[in-house]
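This report describes the fold, strand pairing and selected local features of one protein chain. The sequence and the structure are shown first.

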Amino acid sequence: MYGELIFARAGFGASAVPYLAGWRLQQHLHARRADGEIPDTCLLLEHEPVYTAGRRTSPLDRPLTDPGIPVIDVDRGGKITWHGPGQLVGYPIVALAEPVDVIAYVRAIEEALIRSCAEVGVATTRVDGRSGVWLTGIRVSRGVAMHGFALNCDCDLSWFDRIVPCGIREAGVTSLSIEAGRPVGVLDMTGIVERHLAEVLGATSWHSVEGTGPLAADPGPEGAGGRDPEPATALAAD
């Protein structure tokens, strides 16, 4: 991308976004971006506690008993993960240059998160054969990417004990706060992640807004913030 990038801070803390409300908002913004009605956009938020299962999720990866929170099947790649308080979730909704190179896009997101972690004193690296350390799964439709990443800042890691995170049985899950040896919260990381994402995505200009405002136009009564009727070195899940 070589244009404007808007970071929409869609809801944190007491305003955490229910997963399905965030999913509907993603779909709406994706359609608007594909139609050229809005610039490239990245939603940043916390979710209410939820497990999301990507298309490759095995029955053995899922909670064995009722986990007490929703388990939602989604259309992204990857397997099952948890989202919830203390985790910064990002959904870049950006138009990819032709010819579309999804792997290059994934590597760019990885690089932004590696740089962000380094800025708070946590050295990270890639693992051969795995997309990640942090990606929740990417989907590209009409040349526009959606879904994205999750960065564990100061979340309750016991939620991951009830699933096989990302389908990886031989590795655990950690957080920035644990690795840094000090509290590192979601709001501590938000501006850092924005800056590094804008850099690696090649945005010529970027800025942050509170909420989705005119970007969403009319996503319906249950848009962002509304109520409804996503390894050992992994700092974010999925």
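In this predicted model, 55% of the 238 residues of the protein count as buried. The protein exposes about 10,000 Å², of which carbon and sulfur atoms supply 52%.

The secondary structure consists of 5 helices and 9 strands. Their order along the sequence is β-α-β-β-β-β-β-α-β-β-α-α-β-α.

**Strand β3 and its partners**

Strand β3 covers residues 50-53. Side chains in a regular strand alternate between the two faces of the sheet. In β3, V50 and T52 point one way, whereas Y51 and A53 point the other way. Residues on both sides of β3 are buried: V50, T52, Y51 and A53.

Strand β3 pairs with two other strands, β5 and β4. With strand β5 (residues 80-83), the pairing is antiparallel and extends over 4 bridges; here H83 of β5 is the bridge partner of V50. With strand β4 (residues 71-73), β3 runs parallel, and 3 bridges join the two. In that pairing, I72 of β4 stands opposite T52.

**A nonpolar surface patch**

V100, V102 and V140 make a nonpolar patch of about 170 Å² on the surface. V102 belongs to helix α2, which spans residues 102-119. Why can V102 be counted in such a patch? Patch residues must have over 30% relative accessible area, and V102, with a relative accessible area of 34%, is partly exposed and therefore passes this cut-off.

**Backbone features**

The peptide bond from E98 to P99 is cis, with omega near -10°. P99 is located in the loop between β6 (87-93) and α2.

Two residues that are not glycines, R142 and H147, have a positive phi. The table lists their values.

| Residue | Phi | Location | Relative accessibility |
|---|---|---|---|
| R142 | about 55° | loop between β7 (135-141) and β8 (144-152) | 55% |
| H147 | about 60° | strand β8 | 0% |

Are these two residues buried or exposed? R142 counts as exposed because its relative accessibility of 55% is over the 50% cut-off. H147, by contrast, counts as buried because its relative accessibility of 0% is under 20%. The positive phi of R142 is thus found in a loop, and that of H147 within a strand.

Notes. Residues numbered from 1 in each chain as written. Predicted model: local features only at pLDDT ≥ 70, side-chain atom pairs only at ≥ 80, totals over all residues. Heavy atoms only, no water. Buried < 20%, exposed > 50% of the residue type's maximum accessible area, 1.4 Å probe, protein only. Areas by Shrake-Rupley, 256 points an atom, 1.4 Å probe, with all protein chains shown as cover. Pairing = 2+ DSSP bridges. Patch = residues over 30% accessible without salt bridge, like charges linked within 9 Å, V, L, I, M, F, W, Y side chains within 5 Å. Salt bridge = Lys/Arg side-chain N within 4 Å of Asp/Glu carboxyl O.
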